Amino acid sequence: GDTTPVHLITIGELVKEYNLDTKLTSPQRIYLLGAQSPQLPILIKKMAYVGLETRHSIEDNQHTFNLE
């Protein structure tokens with residue numbers, strides 16, 4: 001899928017607000033590293049609001065968002 005300016009701004013705001021680290025991968029995945037389990041529902045809701053579908057893993061305190 002396409003990545004819009006709104007997607008990128010939202011990701012940047014979440015990274016800054018929750019003090020997360022990021023990793024971008026070639027298959028359009030964005031890893032938000034360092035998210036705590038209680039934060040995950042909030043992050044998922046905010047990402048969904050701007051049209052980002054999420055697939056997540058809380059193993060090793062890592063949350064993955066696919067841009068689709």
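**Group meeting: the two helices and the hairpin**

Leaving aside neighbours within four places in sequence, H7 makes contact with D2, V50, G51 and L52. I begin with this residue, and I should say at once that the model before you is predicted. H7 is part of helix 1, which covers residues 5–17. Is H7 buried or exposed? Its relative accessibility is 7%, and because buried means under 20%, H7 counts as buried.

Let me now place that residue in the whole protein. The protein contains 2 helices and 3 strands. Read from the N terminus, the order of these elements is α-β-β-α-β. The protein has 68 residues, of which 31% count as buried. As for contacts between residues at least 6 apart in sequence, 49% of them join residues at least 24 apart.

I turn next to the pair of helices. Helix 2 covers residues 40–49. How do helix 1 and helix 2 pack, in angle and in the separation of their axes? The angle is about 160°, and the axes are 10 Å apart. Angles over 145 degrees count as roughly antiparallel, and helix 1 and helix 2 are therefore described in that way. Their crossing is right-handed.

Which residues bring the two helices together? From helix 1 there are T10, I11, L14 and E17, and they meet L43, K46 and M47 of helix 2. Sorted by class, this contact has 4 nonpolar residues, 1 polar residue and 2 charged residues.

Between helix 1 and strand 1 there is a loop, and N19 lies in it. The phi of N19 is near 55°, a positive value in a residue other than glycine. For context, most residues other than glycine have a negative phi. Is N19 buried or exposed? With a relative accessibility of 70%, and because exposed means over 50%, N19 counts as exposed.

We come now to the hairpin. Strand 1 spans residues 21–25 and strand 2 spans residues 29–33. The two strands run antiparallel and are joined by 5 bridges. One may follow the pairing on the structure: D21 has L33 of strand 2 as its bridge partner, and L24 stands opposite I30 in strand 2. The hairpin has 3 residues between the strands, and in it Q28 takes a positive phi near 60°.

Within strand 1, I should like to consider K23. What does K23 touch, once its neighbours within four places in sequence are left aside? Its contacts are R29, I30 and Y31. K23 and L33 are 10 residues apart along the chain, and their C-alpha atoms are separated by 7.8 Å. At 48% relative accessibility, K23 counts as partly exposed, because that class runs between the 20% and 50% limits.

To close, I return to three residues discussed today. H7 in helix 1 is buried, K23 in strand 1 is partly exposed, and N19 in the loop before strand 1 is exposed. Around them stand the roughly antiparallel helix pair and the antiparallel hairpin of strand 1 and strand 2.

Notes:
Residues are numbered from 1 along each chain as its sequence is written. This is a predicted model: local features need pLDDT of at least 70, side-chain atom pairs count only at pLDDT 80 or more; totals for chains, interfaces and linings use all residues. Side-chain values use heavy atoms; hydrogens and water are left out. Helices (H or I, at least four residues) and strands (E, at least two) are DSSP runs, numbered from the N terminus. Buried means under 20% relative accessible area, exposed over 50%, partly exposed in between (1.4 Å probe, protein chains only). Contact means heavy atoms within 4.5 Å. Axes are lines fitted to C-alpha atoms, for helices over the stretch in contact, and angles run from 0 to 180 degrees between N-to-C directions. Angles under 35 degrees count as roughly parallel, over 145 as roughly antiparallel, 65 to 115 as roughly perpendicular and the rest as oblique. A crossing is left-handed if the near helix is turned anticlockwise from the far one by less than a right angle, and right-handed if clockwise. Ala, Val, Leu, Ile, Met, Phe, Trp, Tyr, Cys and Pro count as nonpolar, Asp, Glu, Lys and Arg as charged, and the others, Gly among them, as polar. Two strands pair if DSSP finds at least two bridges between them.
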